Amino acid sequence: MELKDVIIKRRTIRDFSDKPINQEIIKKALRDGLKAPSYNHLKQWDFILVKDHNIRMDLTQTEKMTEEITDGLRLAFANHEALAQEMYLDAIPKQKRMILTAPELLVIIYKPKTQIIESKRVYDLNCLASVWCCIENILLSLAEEDIFGVTFIPQNTSAIKEVFNIPQELEIAAIIPFGYKAPDAKIIPQQEIALESRLHINNW
Ligand SMILES: Cc1cc2nc3c(=O)[nH]c(=O)nc-3n(C[C@H](O)[C@H](O)[C@H](O)COP(=O)(O)O)c2cc1C
């Protein structure tokens with residue numbers, strides 16, 4: 001498949017079929033992740049594949065997860081643009097379910113250059129920028145195989161580090177539930193951006 005087609009094909013999916021995934025496809029995607037650029041040339045990224053359901057349960061206990069659309073939730077996003085609102089109202093109630101039931105769950109870990117809380121300049125966040133290059137490579141590699149994921153960003157990363165015994169000096173970038181699409185998987189239309197409205201030559 002051509003790169004341009006894979007880029008278009010990759011979408012965020014939160015509703016998965018039960019179809020199992022060949023572990024070699026996952027390993028290839030992680031190897032593709034490890035081909036991404038990194039700020040210090042060292043690719044200081046690790047992956048945990050979570051196979052144990054009890055560990056998934058522990059993950060969902062690390063923060064409050066809303067499982068339905070409440071009036072409060074609608075109100076919280078009432079002033080967002082329509083597409084963003086549609087995305088949040090679809091996504092938020094699915095967070096717990098996708099962590100518990102996606103065929104595969106991947107935790108992406110990176111070594112921070114500066115602890116996030118102490119970061120003062122964009123430069124200090126190069127570690128985070130780099131791990132997201134890795135994440136995009138993984139998502140594209142999976143999309144090529146008709147496998148899709150969603151990058152869930154946990155709020156209580158210290159609790160999650162305890163769940164997995166992750167060394168204190170490392171950090172969690174994202175947790176990615178992934179699998180084949182459910183037949184009725186919701187896909188929110190992408191925001192269409194005309195390049196001309198965003199491309200500036202020489203000056204803003
Ligand atoms: C940095 C980042 C954080 C995100 N966090 C979450 C998240 O916590 N939960 C979730 O369901 N989706 C999350 N997403 C997925 C976005 O909602 C999704 O990428 C966006 O709606 C665009 O849809 P697309 O990926 O299909 O183009 C995140 C995406 C990015 C890039």
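**Exercise 1. The ligand shell**

Task: In this predicted model, list the residues around the ligand and sort the shell by class.

Solution.
- Step 1. Collect the residues whose C-beta atom lies within 6 Å of the ligand. From the N-terminal part of the numbering come Arg-11, Thr-12 and Arg-14. Met-87, Ala-91 and Gln-95 follow. Then comes the run Val-150, Thr-151, Phe-152 and Ile-153, and the list ends with Ile-188 and Gln-190.
- Step 2. Assign classes. The shell holds 6 nonpolar, 4 polar and 2 charged residues.

**Exercise 2. Strand β2**

Task: Decide whether the residues of strand β2 (residues 104-110) are buried or exposed, and treat each side separately.

Solution.
- Step 1. Apply the cut-off: a residue is buried if 20 or more other C-beta atoms lie within 10 Å of its own. In β2, 7 of its 7 residues are buried.
- Step 2. Split the strand by side. Glu-104, Leu-106, Ile-108 and Tyr-110 lie on one side, and Leu-105, Val-107 and Ile-109 on the other. Both faces are covered.

**Exercise 3. Partners of β2**

Task: State how β2 pairs with β1 and with β4.

Solution.
- Step 1. Strand β1 (residues 45-49) pairs with β2 in the antiparallel sense, over 5 bridges. Here Trp-45 is opposite Tyr-110.
- Step 2. Strand β4 (residues 171-180) also runs antiparallel to β2, joined by 7 bridges. Val-107 of β2 faces Ile-175 of β4.

**Exercise 4. The annotated domain**

Task: Describe the region that UniProt marks as a domain.

Solution.
- Step 1. The unreviewed UniProt entry places "domain: Nitroreductase" at residues 8-180.
- Step 2. Over residues 8-180 the chain is 41% helix and 14% strand, with the end C-alpha atoms 17 Å apart.

Technical notes. Residues are numbered from 1 along each chain as its sequence is written. This is a predicted model: local features need pLDDT of at least 70, side-chain atom pairs count only at pLDDT 80 or more; totals for chains, interfaces and linings use all residues. A residue is buried if 20 or more other C-beta atoms lie within 10 Å of its own, exposed if 12 or fewer, and partly exposed in between; C-beta atoms are placed from the backbone. Helices (H or I, at least four residues) and strands (E, at least two) are DSSP runs, numbered from the N terminus. Two strands pair if DSSP finds at least two bridges between them. Ala, Val, Leu, Ile, Met, Phe, Trp, Tyr, Cys and Pro count as nonpolar, Asp, Glu, Lys and Arg as charged, and the others, Gly among them, as polar. UniProt positions are given in the numbering used here, feature names are shortened, and annotations may be inferred rather than shown by experiment.
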